[in-house]
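The following note sets out numbered points on the model shown below. They cover the overall fold, the core, the pocket and several individual residues.

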Amino acid sequence: LGNSLMPVSGSLRVAIASVTACTADTNCQQSLRDKCLSCHGSATTCAKLGASEEQWLQTIDAMIKLKANISPQERSQLARCLTRADSPGVREFCSSD
């Protein structure tokens, strides 16, 4: 049968990257709503935008010690999301309060 994989054109790569980024933004926004808004408003979270991923991991660890229900995978995802202050999902989350 040979190789059934077809080469991907440049415009298709851009479209796939765009869909992936949009999905990541939506996932970030939903995770922030689910895990942050249950205890405090977005203003508290959004005030710290610009912090490094390590700083966010420390902040999230403090929330876990206060009994926040955050899995190790969610911990990493939230830290990555919050270091991307320029992403549309994070901007929308921060403008929702």
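1. Two residues are taken to be in contact when heavy atoms lie within 4.5 Å. On that basis, and leaving aside neighbours within four places in sequence, A79 is in contact with E53, W56, L57 and I60. The model under discussion is a predicted one.

2. Overall composition. The protein contains 5 helices and 0 strands. Read from the N terminus, the order of elements is α-α-α-α-α. Of the 97 residues in the protein, 24% are buried. Among contacts with a separation of 6 or more, 71% link residues that are 24 or more positions apart.

3. Nonpolar core. The largest nonpolar core comprises 13 residues, and L32, W56, I60, L78, A79 and F93 have the most contacts inside it. At least two residues of this core come from each of α1 (10–36), α3 (53–65), α4 (72–83) and α5 (88–94). Two of the contact partners of A79 given in point 1, W56 and I60, are thus also listed among the core residues with the most contacts.

4. Largest pocket. The space in the largest pocket amounts to about 260 Å³. Its lining consists of 17 residues, and those nearest the centre of the pocket are C36, H40, T45, T59 and M63. Each of α1, α2 (42–46), α3 and α4 supplies at least two residues of this lining. The greatest contribution is that of α3, with 4 residues. Sorted by class, the lining holds 10 nonpolar, 4 polar and 3 charged residues.

5. The pair S31 and Q77. S31 lies in helix α1, whereas Q77 is found in helix α4. Their side chains are joined by a polar contact of 3.1 Å. What is the burial state of S31? S31 counts as buried because its relative accessible area of 14% falls under the 20% limit.

6. Surroundings of the same pair. Residues up to four places away in sequence are not counted here. With that exclusion, S31 touches C36, Q77 and L78, and Q77 touches N27, C28 and S31. One of the partners of S31, namely C36, also appears among the residues nearest the centre of the largest pocket. Another partner, L78, is listed among the core residues with the most contacts.

7. C81. This residue also has its place in helix α4. Its relative accessible area is 2%, and C81 is therefore classed as buried, the limit being under 20%. Not counting residues up to four places away in sequence, C81 touches C28 and V90. The C-alpha atoms of C81 and L32 are separated by 8.3 Å, although the two residues are 49 residues apart along the chain.

8. K67. Is this residue, which sits in the loop between α3 and α4, buried or exposed? K67 counts as exposed because its relative accessibility is 73%, and the class begins over 50%. The backbone of K67 merits a separate remark: its phi is positive, about 80 degrees, although K67 is not a glycine.

Definitions and conventions. Residues are numbered from 1 along each chain as its sequence is written. This is a predicted model: local features need pLDDT of at least 70, side-chain atom pairs count only at pLDDT 80 or more; totals for chains, interfaces and linings use all residues. Side-chain values use heavy atoms; hydrogens and water are left out. A nonpolar core is a set of buried Ala, Val, Leu, Ile, Met, Phe, Trp, Tyr and Cys residues joined through side-chain atoms within 4.5 Å. Buried means under 20% relative accessible area, exposed over 50%, partly exposed in between (1.4 Å probe, protein chains only). On a 1 Å grid over the protein atoms alone, a cavity is a set of points where a 1.4 Å probe fits but cannot get out, and a pocket is an open set with protein on both sides within 12 Å along at least five of seven lines; lining residues have an atom within 4 Å of a point. Grid points are joined across faces, edges and corners, and a volume is the space filled by probe spheres set on the points. Ala, Val, Leu, Ile, Met, Phe, Trp, Tyr, Cys and Pro count as nonpolar, Asp, Glu, Lys and Arg as charged, and the others, Gly among them, as polar. A polar contact is a pair of N or O atoms within 3.5 Å; within protein, one must be able to donate a hydrogen and the other to accept it, and residues adjacent in sequence count only if both atoms are side-chain atoms.
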